[in-house]
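Colleague: Please take a close look at the empty space in this model. Then cover the surroundings, in one connected answer.

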Amino acid sequence: MIKTDNYGIVFNKLKSNILYDWRNYTEHAFVKNIGNGNLDRNLYIKYLKQDYVFLIYFSKAWALLAAKSNSVNEMRIASATLNALVNEEIQLHIGTCKAEGITEEQLYQTEEELNNLAYTRFVLETGYSSGFLELLVALSPCVFGYGEIGLYLKSISKNDNPYINWIDTYCSREYQEVCINIGNLLDNATEDRLGKDFANNIIWPKLKKTFLTATKLEINFWEMSLRLE
């Protein structure tokens, strides 16, 4: 497994509790097929369309996180992440889809599949019913998982891999810095709210459950992405 010590103490503590599920997520068959270049192109296109829908709701969740912030620094990081998602990543995603023959109008008309809907609504509902920390934990498997996947696939992929641009995006210095920054945010937010001995706080089991659920929903997203409509 790729080392992610620089992603922060809290994330690695959460991950250590669910290593079996985490590996099923980060080393899923869909991920491996991207890594070896054998993924059916039609499945990749389907994934891109569903991921566009996911990014829309993911952005809304980061907006909600900014609203639930306790400090200017938390608000600054949450809003910067929201800005990067809306004004950079989504636009890049539209460009990637265009190169695959998917128009922006087709993306707008993408019907959200049930696995996608379950994940995005879980994250939003966590935000509506809980505070900043639990929402950040619900968001974190996506952030850190893609960073870890990017590093893992880069270590096993060849340069002629048709999906090398996707891999390079998540193993890039820029994305790895996002993981480090969000890891620091998670560490600080946890200590501020639960104290340094956070793992013995009565809230910790709930955070572990949220992290596990989000990770399982990531696995379901990959499972969805291996099925043609």
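Modeller: Helices here are DSSP runs of H or I with at least four residues, numbered from the N terminus. The model is predicted, so local features need pLDDT of at least 70 and side-chain atom pairs pLDDT 80 or more, while totals for chains, interfaces and linings use all residues. Numbering starts from 1 along each chain as its sequence is written, and side-chain values use heavy atoms, without hydrogens or water.

Start with the pocket. The largest one has a volume of about 990 Å³. (A pocket is an open set of points on a 1 Å grid over the protein atoms alone, with protein on both sides within 12 Å along at least five of seven lines; lining residues have an atom within 4 Å of a point. Volume is the space filled by probe spheres set on the points, which are joined across faces, edges and corners.)

Its lining counts 40 residues. Glu89, Leu92, Thr169, Tyr170 and Tyr175 lie nearest the centre of the largest pocket. Six helices each supply at least two lining residues: helix 4, helix 5, helix 8 (132-156), helix 9 (164-171), helix 10 (173-194) and helix 11. Helix 5 gives the most, with 10 residues. By class, the pocket lining has 25 nonpolar, seven polar and eight charged residues. (Ala, Val, Leu, Ile, Met, Phe, Trp, Tyr, Cys and Pro count as nonpolar; Asp, Glu, Lys and Arg as charged; the others, Gly among them, as polar.)

Now the enclosed space. The count is one cavity of 30 Å³ or more. (A cavity is a set of points where a 1.4 Å probe fits but cannot get out.) The largest cavity holds about 30 Å³. Its lining is Phe54, Tyr57, Phe58, Ala61, Thr120 and Val123. Helix 4 and helix 7 (114-129) each give two or more of these residues. Helix 4 has the largest share, four residues. By class, the cavity lining is five nonpolar, one polar and no charged residues.

Helix 4 also meets helix 11. The axes of helix 4 (residues 41-67) and helix 11 (residues 204-225) come within 9 Å and cross at roughly 140°. (Axes are lines fitted to C-alpha atoms over the stretch in contact; angles run from 0 to 180 degrees between N-to-C directions.) That angle makes helix 4 oblique to helix 11. (Under 35 degrees is roughly parallel, over 145 roughly antiparallel, 65 to 115 roughly perpendicular, and the rest oblique.) On the helix 4 side, the contact uses Leu43, Lys46, Tyr47, Gln50, Asp51 and Phe54. Helix 11 brings Phe221, Trp222, Met224 and Ser225. (Contact means heavy atoms within 4.5 Å.) The classes here are six nonpolar, two polar and two charged residues. Phe54 appears in this contact and in the cavity lining.

Three more residues fill in the setting. Asn220 sits in helix 11. Asn220 is partly exposed, because its relative accessible area is 35%. (Buried is under 20%, exposed over 50%, partly exposed in between, with a 1.4 Å probe and protein chains only.) The C-alpha atoms of Asn220 and Asp168 are 24 Å apart. Asn165 belongs to helix 9. At 61% relative accessible area, Asn165 is exposed. Its C-alpha atom lies 9.5 Å from that of Thr96, 69 residues away along the chain. Thr103 is in the loop between helix 5 (72-99) and helix 6 (104-108). Thr103 is partly exposed, at 40%.
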